[in-house]
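Welcome! Please take a moment to look over the sequence and the model before reading on.

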Amino acid sequence: MVYRIVKYLNNPILEQQASPVSEFGTTELREIVDSMFETMYSARGVGLAAPQVNLGLQLCVIDTTGGEPEEGEVQRKIVLINPQVIHKEGKQTGEEGCLSIPGFREPVTRAKKAVVRALDVEGNTFEIEGEDLLARAMLHEIDHLNGVLFLSHLSVLKRDLIKRKIKKLQKAGEWD
Ligand code: NI
């Protein structure tokens, strides 16, 4: 099932802390994860967090290939449940966007490397280390679970400008 993606300013869930997942290995959890991948691929994204599909859960999916690996690229479907960033290292700056804020991309500085501890759908703990795009994607998605959008990493001036543009689009009925 492809979920409808919630857009910024249309639903307060995007700025709320998500709740930890407490039941693992269930058909329901598996179906949510499958649908989130389906939704992310159909929107041509590399990451999607549960609040973006109106589910207040600490759960996100990532595939840095967007489901279409280029030659030599290894596709990896990553599911992070109740994740915690346990280590960050270095810095990288690159253009970042968000499926909940389509059409807006801005440079964001984040750690170059990140180590995350999370649970899988069965409830098993694992650690994953990411560099470059994977580190960026994990940090962006985990931000979502804490109600933080990439706009928070921009200057107040830039953030307000984007907010104003979105409000205009909302009024014009072009942001639903
Ligand atoms: Ni996002």
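Here is a short tour of charges, contacts and backbone angles.

Please keep in mind that this is a predicted model. The structure holds nine salt bridges, and three of the places to visit below are the pairs E68–R44, E96–R136 and E106–K158. Side chains of opposite charge can pair when their charged atoms come close.

**A salt bridge between two loops**

- E68 and R44 form a salt bridge, with their closest N and O atoms 3.2 Å apart.
- This pair connects distant parts of the chain: E68 sits in the loop between β2 and β3 (78–89), while R44 sits in the loop between α1 and β1, 24 residues apart.
- E68 counts as exposed because its relative accessible area is 52%, and exposed means over 50%.
- R44 is exposed too, with a relative accessibility of 63%.

**A buried pair and its network**

- E96 forms a salt bridge with R136, and here the closest N and O atoms are 2.5 Å apart.
- E96 belongs to strand β4 (residues 92–96) and R136 to helix α2 (residues 132–145), so the salt bridge ties together parts that are 40 residues apart in sequence.
- E96 is buried, at 3% relative accessibility.
- R136 is likewise buried, at 7% relative accessibility.

**A strand joined to a helix**

- In the salt bridge between E106 and K158, the N to O distance is 3.3 Å.
- E106 lies in strand β5 (residues 106–110) and K158 in helix α3 (residues 156–171), so this is a link between distant parts of the chain, 52 residues apart.
- E106 counts as buried, since its relative accessibility is 16% and buried means under 20%.
- K158, at a relative accessible area of 34%, is partly exposed.
- Salt bridges with shared partners also join E96, R110, R136 and D143 into one network.

**Negative charge on the surface**

- Which residues gather in a patch of negative charge on the surface? They are E23, E28, E31, D34 and E38.
- One of them, E31, is part of helix α1 (residues 27–42).

**A buried loop residue and its neighbors**

- Q58 is found in the loop between β1 (47–49) and β2 (59–62).
- Is Q58 buried or exposed? Q58 is buried, because its relative accessible area is 13% and the limit for buried is under 20%.
- Leaving aside residues up to four places away in sequence, Q58 touches Q17, A18, S19, P20, V21, L80, I81, N82, P83 and L145.

**Two residues with positive phi**

- N82, one of the residues that Q58 touches, has a positive phi of about 45 degrees although it is not a glycine.
- N82 is located in strand β3.
- With a relative accessible area of 18%, N82 is buried.
- L9 is not a glycine either, yet L9 has a positive phi of about 85 degrees.
- Where is L9 found? L9 is in the segment before α1.
- L9 counts as partly exposed, at 27% relative accessibility.

Technical notes:
Residues numbered from 1 in each chain as written. Predicted model: local features only at pLDDT ≥ 70, side-chain atom pairs only at ≥ 80, totals over all residues. Heavy atoms only, no water. Patch = residues over 30% accessible without salt bridge, like charges linked within 9 Å, V, L, I, M, F, W, Y side chains within 5 Å. Areas by Shrake-Rupley, 256 points an atom, 1.4 Å probe, with all protein chains shown as cover. Salt bridge = Lys/Arg side-chain N within 4 Å of Asp/Glu carboxyl O. Lys, Arg positive; Asp, Glu negative; His and termini not counted. Charge placed at Lys NZ, Arg CZ, Asp CG, Glu CD. Helix = DSSP H or I, 4+ residues; strand = E, 2+ residues; numbered from the N terminus. Buried < 20%, exposed > 50% of the residue type's maximum accessible area, 1.4 Å probe, protein only. Contact = heavy atoms within 4.5 Å.
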